[in-house]
Amino acid sequence: MQDEGVLTCLVQGEEQEIERRFGISRREFLKFCAGLAGTLGLPAGAEAAVAQAIESAKRPSVIWLHFQECTGCSESLLRAEHPTLEKLILDVISLDYHETLMAAAGHQAEKSRKDAMAANKGKYLLVVEGAIPTKEQGIYCKIGGHTALELLKECAADAAAVIAIGSCASWGGMPSTVPSIPGWDTSPTGAAGVSEVLGKTVVTIPGCPPNPYNFLATAVHFLTFGTLPATDKLGRPLFAYGRLIHENCERRAHFDAGRFAMAFGDEGHRKGYCLYKLGCKGPETYANCPTLGFGDVGESNWPVGCGHPCIGCTEKGVGFAKPIHAMAKMLNVAPPLQYPRITEDVGKGVSFASAAALAAIAGAAAGGAAMLARNLGLSHQAAELEKAKEGKAKTQAEA
Ligand code: FSX
Ligand code: SF4
Ligand code: F3S
């Protein structure tokens with residue numbers, strides 16, 4: 001009985017401590033840890049290790065640099081809930097330098113960066129937000145008299161790990177856009193990503209802005225295991241960027257069935273049909289937007305869920321590079337080779353089943369990208385083709 005009493009006191013003490021530190025109940029805290037473990041793709045039961053790491057790990061020192069950007073990445077973190085960034089700052093990581101959140105300014109700010117670097121040499125996490133201008137020795141972005149180029153190299157030299165947050169830091173993002181003016185082949189400032197400047201792969205969390213949970217999960221992985229998560233060759237954590245948006249999109253069934261919105265506000269758009277024909281870049285963009293959502297306001301809160309085509313903001317060469325409404329390149333996706341018509345006239349033409357049979361025959365006879373490109377327009381051409389055939393038959397009959 002006595003042991004049970006001690007145990008109850010311990011659990012109560014732990015509950016109070018969690019409530020004090022994170023402002024949430026233990027139950028909510030465990031749910032948050034389970035969510036993070038799930039986001040990281042960890043096996044069942046890993047939430048206990050995550051919870052233990054957050055509760056007991058020594059807070060790693062984080063130095064957060066800002067270069068060419070809009071601060072949307074930090075903003076998106078500030079809008080994260082369960083717990084808020086404020087709680088993370090105070091209790092999970094030790095944010096020793098962050099230009100837009102710190103109270104210090106001028107020489108004091110410079111001193112706090114130098115002090116944190118010296119005190120945590122070889123152990124701190126360097127987070128970089130924003131692109132780095134490389135033209136004219138980097139003069140287009142200077143902080144405290146130092147160029148972004150100099151600051152990045154100096155801070156990266158003694159960091160335990162470097163994380164590039166947002167598309168700007170990951171690969172140049174919006175600042176790396178090349179003006180559509182004859183004679184321009186680079187961005188006006190030569191904006192580049194962290195890896196390019198440092199000449200080595202770093203962990204990247206692209207997105208403009210990135211999903212805050214992808215950053216939180218990456219930081220918690222570092223806390224729990226002392227390492228950063230497995231990445232692809234661009235440094236993107238596989239748990240978040242391992243799959244195309246198109247693979248998990250809630251509108252995918254419409255794509256497969258050939259039901260597309262053709263204009264904003266048309267019937268297809270109002271019915272939630274696929275946005276491919278409005279320029280959705282989901283088929284060539286790797287990110288977990290459909291499965292994670294944004295802003296903690298429930299399901300479907302992501303660009304496509306809200307009715308706008310994905311612009312490919314996470315993907316180098318797609319976001320800010322391709323026109324928003326240009327059609328996406330299809331990557332490793334094999335939609336049907338033929339679509340049934342969306343509505344069938346009763347007693348006329350082919351039935352749904354026979355259309356599917358025709359599709360199977362067509363699929364056996366032909367394949368590849370050419371068929372794919374042709375079929376992506378097929379459901380919309382079907383009616384016109386049908387009409388044209390009917391018109392031709394009528395003319396022949398009359399003749
Ligand atoms: Fe870039 Fe982050 Fe886009 Fe903005 O700072 S990724 S412009 S959301 O904010 O770097
Ligand atoms: Fe979703 Fe876009 Fe793919 Fe359509 S093209 S299924 S809207 S990701
Ligand atoms: Fe960006 Fe597309 Fe996701 S625009 S936020 S990658 S849905």
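Start the tour by selecting ligand 3, which has 13 residues around it, and among these C289, P303, C310, I311 and C313 come nearest. If you colour this shell by residue class, you will find that the residues divide into nine nonpolar, four polar and no charged. Keep in mind from here on that the structure on your screen is a predicted model.

Go next to ligand 2, which is surrounded by 14 residues, with C249, C274, Y276, C280 and G282 as the closest. Two helices are worth highlighting here, since helix 12 (245-248) and helix 13 (252-257) each supply at least two residues of the shell around ligand 2. By class, the residues of the shell around ligand 2 divide into ten nonpolar, two polar and two charged.

From helix 13, follow the chain into the loop that leads to helix 14 (267-270), where A263 is found. Is A263 buried or exposed? A263 has 10 C-beta neighbours inside 10 Å and therefore counts as exposed. If you then select L275 as well, you will see two residues that are twelve apart in sequence, with their C-alpha atoms 9.1 Å apart in space.

The third stop among the ligands is ligand 1, around which there are 14 residues, the closest being E69, G72, G166, C168 and C208. Select helix 4 (72-78) and helix 8 (166-171), each of which supplies at least two residues of this shell around ligand 1. Which helix gives the largest share of the shell around ligand 1? That share, three residues, comes from helix 8. By class, the shell around ligand 1 has six nonpolar, six polar and two charged residues.

One of the residues closest to ligand 1 is C208, and the bond that follows deserves a careful look, for the peptide bond from C208 to P209 is cis, with omega near 0°. Most peptide bonds are trans. P209 itself is found in the loop between strand 9 (203-205) and helix 10.

Now turn to the interior and select the largest nonpolar core, which has 84 residues, of which L36, I63, L126, V128, L152, I163 and I165 touch the most other members. The largest share of this core, eight residues, comes from helix 10 (residues 212-225). Taking I165 as an example, and leaving aside residues up to four places away in sequence, you can show that I165 touches C73, V127, V128, E129, I205, P210 and F215.

Stay with helix 10 and add helix 3 (residues 46-56), so that you can look at how the two are placed: their axes come within 9 Å and cross at roughly 85°, and the two helices are therefore roughly perpendicular to each other. To show the contact in detail, select A49, V50, A53 and I54 in helix 3, which meet V220, L223 and T224 in helix 10. The residues of the contact of helix 3 with helix 10 divide into six nonpolar, one polar and no charged.

Just before helix 3, in the loop that joins helix 2 (26-39) to helix 3, you will find G41. G41 has 15 C-beta neighbours inside 10 Å and so counts as partly exposed. Select F239 together with G41, and you have two residues that are 198 apart in sequence and yet 5.9 Å apart in space, C-alpha to C-alpha.

For a stop concerned with the backbone, move to the loop between strand 4 (132-133) and strand 5 (142-143), which is the place of E136. The phi of E136 is positive, at about 50°, although E136 is not a glycine, and Q137, found in the loop between strand 4 and strand 5, likewise has a positive phi, near 55°, in a residue other than glycine. Most residues other than glycine have a negative phi. E136 counts as exposed because it has 10 C-beta neighbours inside 10 Å, and Q137 is exposed, with 10 other C-beta atoms within 10 Å.

Finally, zoom out until the whole chain is in view. The protein has 18 helices and nine strands, and 38% of its 399 residues count as buried. Among contacts between residues at least 6 apart in sequence, 69% join residues at least 24 apart.

Methods. Residues numbered from 1 in each chain as written. Chains lettered and ligands numbered in written order. Predicted model: local features only at pLDDT ≥ 70, side-chain atom pairs only at ≥ 80, totals over all residues. Near = placed C-beta within 6 Å. Nonpolar A, V, L, I, M, F, W, Y, C, P; charged D, E, K, R; others polar. Core = buried A, V, L, I, M, F, W, Y, C linked by C-beta atoms within 7 Å. Buried ≥ 20, exposed ≤ 12 C-beta atoms within 10 Å, placed from the backbone. Helix = DSSP H or I, 4+ residues; strand = E, 2+ residues; numbered from the N terminus. Contact = placed C-beta atoms within 7 Å. Axes fitted to C-alpha atoms, helices over the stretch in contact; angles between N-to-C directions. Parallel < 35°, antiparallel > 145°, perpendicular 65-115°, else oblique.
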